[in-house]
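Me: I'm new to this one, and I'd like to learn how the labels are given. Could you show it to me and start with a word I will need?

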Amino acid sequence: MKRKVAKIGPSTLMVSLPNKWARKFGVSKGDEVEVEEDGDSLIINLGKLKSGKSKTLNVHDLDVMLNRVVGASYKKGYDEVLINFNSSEQLKSIYDVINTMWTGFEVVEQEKGHIKMKQITEVNKNDFAGMINRAMLFLISTADESRKAAEDENKEHLKAVVLRDQTQNKYCDFCRRVLNKTDIENSNAIYYIVEQVEKFGDFYRDLSRYLVENKVSKDTVRLLAEINYNLQNFYSLYHKFDLKSFEDFGRKFKSTNKKIKDASLKADKNSSVALNYLSMINGAVFDMNGALLVMHLDYI
């Protein structure tokens, strides 16, 4: 589309933004956008437009879901959040979320009935690749630690694996915040993968908790090692995708899935519960195949 250049004052040139485009992306008077030079082109970048927004939350009636609502305001990308509460128990829950999950924030105000948090460290989308890689590698390490602890029947080691989930959540929450605030390519597919990576952390946490109290068969532990191998294969495909490896990934899932089903038919009660966890992990790893294709299909 063509736009006529207008002159404002002695030296300023202006081009209007298309109204339909501005409405679509919520651009209004007073907003700031980044204008980048690219040869003979100018690129209007809305990444910075998503920052600087504030949110007020009233959580008076929340209990079970309070931490999730507070956490969502961080992941959504708000830079200043005012929370109205009505009990010391609610305030404790709010602080628990802030202290464990909110990277780059500080409490700037607290009075009777409300607390305000503000971002003090700017989100940079250039940090994203390193952080999602760290989240995946930390998950793979958690998976391997759970296997070692299960093989050794080491309860203290298993309890330590349980505690890793908090760090996993922090990595994933930061990734979701960056995805919601910036313009990363294939953000929808990557957001789904980040959600799954956090879910895997929950699976390994819960499996490790179960293994602290319950002894399972050696065959079940061997299947855990096989599932961890499938997770490692996904990580490799995320970084270097090719159709042959993708096909092998699918075949390995089917093979492992059949072994889990066969093992479940003859498993004792304790092993049967553990195998259910393994089935969920294996299925969730495979379910990320669609997101992988969205990310890489244009390049193969």
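Reply: Gladly! A residue is called buried if its relative accessible area is under 20%, exposed if over 50%, and partly exposed in between (1.4 Å probe, protein chains only). What you see is a predicted model, in which local features need pLDDT of at least 70 and side-chain atom pairs count only at pLDDT 80 or more, while totals for chains, interfaces and linings use all residues. Residues are numbered from 1 along each chain as its sequence is written, and side-chain values use heavy atoms, with hydrogens and water left out.

Me: Then why is Glu111 called partly exposed?

Reply: Glu111 has a relative accessible area of 48%, which falls between the 20% and 50% limits, so partly exposed is the right label. Glu111 sits in strand S7 (residues 105-111). Helices (H or I, at least four residues) and strands (E, at least two) are DSSP runs, numbered from the N terminus. In the chain there are 11 helices and 8 strands.

Me: What makes Asp61 exposed?

Reply: Its relative accessible area is 77%, which is over 50%, so Asp61 counts as exposed. Asp61 belongs to the loop between strand S5 (54-58) and helix H2 (66-76). Across the chain of 300 residues, buried ones make up 41%.

Me: How do you know that Trp102 and Phe105 form an edge-to-face pair?

Reply: Two numbers settle it. A pair of aromatic rings is described by the distance of the centres and the angle of the planes. Rings of Phe, Tyr and Trp (its six-membered ring) pair if their centres lie within 6.5 Å; planes under 30 degrees apart are stacked, over 60 edge-to-face, and the rest tilted. The whole structure holds 9 aromatic pairs. For Trp102 and Phe105 the centres are 4.9 Å apart and the planes make 80 degrees, so the pair passes the distance limit and is edge-to-face. Together with Tyr74, Trp102 and Phe105 form one aromatic cluster.

Me: And why are Trp102 and Phe105 called buried?

Reply: Trp102 has 4% relative accessibility and Phe105 has 9%. Both values are under 20%, so both residues count as buried.

Me: What makes Arg164 count as lying over the face of Phe138?

Reply: A charge sits over a ring if NZ of Lys or CZ of Arg is within 6 Å of the ring centre and within 35 degrees of the ring normal. Arg164 lies over the face of Phe138, at 4.2 Å from the ring centre, so the distance is inside the 6 Å limit.

Me: Why is Cys175 not bonded to Cys172?

Reply: A disulfide is a pair of cysteine sulfur atoms within 2.5 Å. The sulfur of Cys175 is 6.1 Å from that of Cys172, its closest cysteine sulfur, so the two are too far apart for a bond. The search of the whole structure finds 0 disulfides. Cys172 and Cys175 are each buried, at 1% relative accessibility.

Me: How do you know that Asp79 and Lys181 form a salt bridge?

Reply: Side chains of opposite charge can pair when their charged atoms come close. A salt bridge needs a side-chain nitrogen of Lys or Arg within 4 Å of a carboxyl oxygen of Asp or Glu. Asp79 and Lys181 meet at 2.9 Å, N to O, so they qualify. Asp79 lies in the loop between H2 and strand S6 (80-84) and Lys181 in helix H6 (residues 165-181), so the pair ties together parts that are 102 residues apart in sequence. Both residues are buried, and the whole structure has 25 salt bridges.

Me: What makes Lys116 and Glu109 a salt bridge?

Reply: Their N to O distance is 3.9 Å, which is within 4 Å, so the label holds. Glu109 is partly exposed, at 28% relative accessibility.

Me: Why are Arg209 and Asp206 said to be about one helical turn apart?

Reply: They are 3 residues apart in helix H7 (residues 187-213), which is why they are separated by about one helical turn. Their side chains meet in a salt bridge at 3.7 Å, N to O. Arg209, at 46%, and Asp206, at 21%, are both partly exposed.
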